[in-house]
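Okay everyone, thanks for coming. I'd like to walk you through one piece of this protein, so have a look at the picture first.

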Amino acid sequence: MGHLDGKVAVVTGAAMGMGRAVAITFAQQGAKVVAWDLGVTLDGRPMEDNPVHKVVEEIKEAGGEAIAFHGDVANMTDAENAIGTAIDTYGKLDILVCPAGFLRERMVFNMTEDEWDDVIRVHLKGHFAPTKFAAVHWRQRREYGRLIGFSSTAAHGSPGQPNYGAAKMGIVSFIRSTADALVRYNVTSNGVFPGAATRMTDNTLTAQQAIRDGKPLPSTVAGGTPGDPFNNAPIVTYLASEAGGNITGRMFGSSGWTYRLYSDESTVRHLYSPGPWDMDKLFEQMPQTLAEGMEAVKGFNAADVTAGNRGSL
Ligand SMILES: NC(=O)c1ccc[n+]([C@@H]2O[C@H](COP(=O)([O-])OP(=O)(O)OC[C@H]3O[C@@H](n4cnc5c(N)ncnc54)[C@H](O)[C@@H]3O)[C@@H](O)[C@H]2O)c1
């Protein structure tokens with residue numbers, strides 16, 4: 001007995017990393033899977049071979065059901081065809097998971113328009129396009145629907161990834177908006193802030209330093225460790241299952257062996273005026289109220305890069 005017996009899922013970015021782990025885990029849990037991938041390099045260029053076929057073979061060899069779909073997650077025609085493939089092949093669609101994406105990392109002052117547009121497109125439109133066609137089906141069916149988006153903690157600020165961080169925060173809003181829009185059709189919409197040692201993280205400064213130190217690429221030795229991409233799959237499976245039907249509009253941390261529930265952003269301080277703000281009064285009150293305890297930012301500090309260098313509260 002699997003937790004997804006009888007369910008049909010589309011998983012984007014299913015050829016590699018966490019998408020692959022979700023596709024394989026879903027099949028192990030009884031779902032029929034459309035494994036969707038374009039087969040691109042880390043920065044989104046075409047690869048010679050699309051490894052999504054190997055994932056489908058692996059699923060079938062283990063006794064599961066899966067079919068490969070080649071296409072671009074941010075292309076509306078491909079998206080309509082991918083969702084249509086699930087419905088035509090397996091009779092319906094229950095679950096959509098959206099891990100597909102790539103990186104073009106650059107500081108904001110060096111970033112080109114194309115680097116901005118392409119990364120926003122693949123991540124943000126790469127959620128909208130498949131969800132739109134899944135939602136048409138779910139709204140007609142009014143029975144069952146599960147959307148699981150893949151954001152990133154880069155949404156909270158990432159100096160070398162302003163395009164990626166912005167797209168990932170956009171995904172949070174998209175997930176919450178879709179939750180509110182589709183709740184009446186028995187559809188839930190949640191997202192994860194994932195993490196794993198994949199080719200994406202092999203690109204980080206820490207991983208590159210490991211290679212210079214003669215150590216193996218982290219993604220090649222991640223199996224069974226907290227960095228294993230498969231660690232993200234159980235909570236995604238829960239959100240996709242019947243059991244997860246009471247959860248919607250939520251963001252979860254899914255990396256490693258500790259799962260997390262994130263709060264929505266909420267007001268942390270108020271500053272009241274009985275009428276339009278007087279400029280001098282605001283300047284006088286800000287330091288003791290909204291800006292209280294915020295220390296001046298003292299320029300670039302490499303140690304702060306991942307945490308953000310915004311002063312502290
Ligand atoms: N690895 C991490 O630690 C980490 C952290 C935070 C967020 N994320 C996010 O999790 C998701 C999965 O990351 P990963 O590390 O497994 O990445 P990965 O590079 O291992 O896999 C991404 C997959 O997406 C596919 N893809 C890219 N563009 C596509 C397109 N236009 N259409 C269809 N398929 C496309 C690629 O071919 C690849 O198979 C991504 O959205 C990533 O931004 C990853």
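**A strand in the middle of things**

So, the centres of domain 1 and domain 2, taken over C-alpha atoms, are 36 Å apart. Keep in mind that this is a predicted model. The domain assignment puts domain 1 at 8–261 and domain 2 at 268–313.

Now let's zoom in on strand 2, residues 32–37. Who are its partners? On one hand there's strand 1, residues 8–12, which runs parallel to strand 2 and is joined to it by 5 bridges. If you want a spot to find on screen, look for Val8, which sits opposite Lys32 of strand 2. Then there's strand 3, residues 65–70, and that pairing with strand 2 is parallel too, over 6 bridges. Here you can look for Asp37, whose bridge partner in strand 3 is His70.

How does the chain get from one strand to the next? Strand 1, helix 1 (residues 17–28) and strand 2 form a right-handed β-α-β unit. Then strand 2, helix 2 (residues 52–61) and strand 3 form a right-handed β-α-β unit as well.

Okay, so is strand 2 buried or exposed? 6 of its 6 residues are buried, so the rest of the structure largely encloses strand 2. Remember that in a regular strand, side chains alternate between the two faces of the sheet. Let's check each face, then. Lys32, Val34 and Trp36 are on one side of strand 2, Val33, Ala35 and Asp37 are on the other, and all of them are buried. In other words, both faces of strand 2 are covered.

That's it from me, thanks!

Methods. Residues are numbered from 1 along each chain as its sequence is written. This is a predicted model: local features need pLDDT of at least 70, side-chain atom pairs count only at pLDDT 80 or more; totals for chains, interfaces and linings use all residues. Domain bounds come from an automatic or database domain assignment. A residue is buried if 20 or more other C-beta atoms lie within 10 Å of its own, exposed if 12 or fewer, and partly exposed in between; C-beta atoms are placed from the backbone. Helices (H or I, at least four residues) and strands (E, at least two) are DSSP runs, numbered from the N terminus. Two strands pair if DSSP finds at least two bridges between them. A crossover is right-handed if, with the strands pointing away from the viewer, the path from the first strand over the helix to the second runs clockwise.
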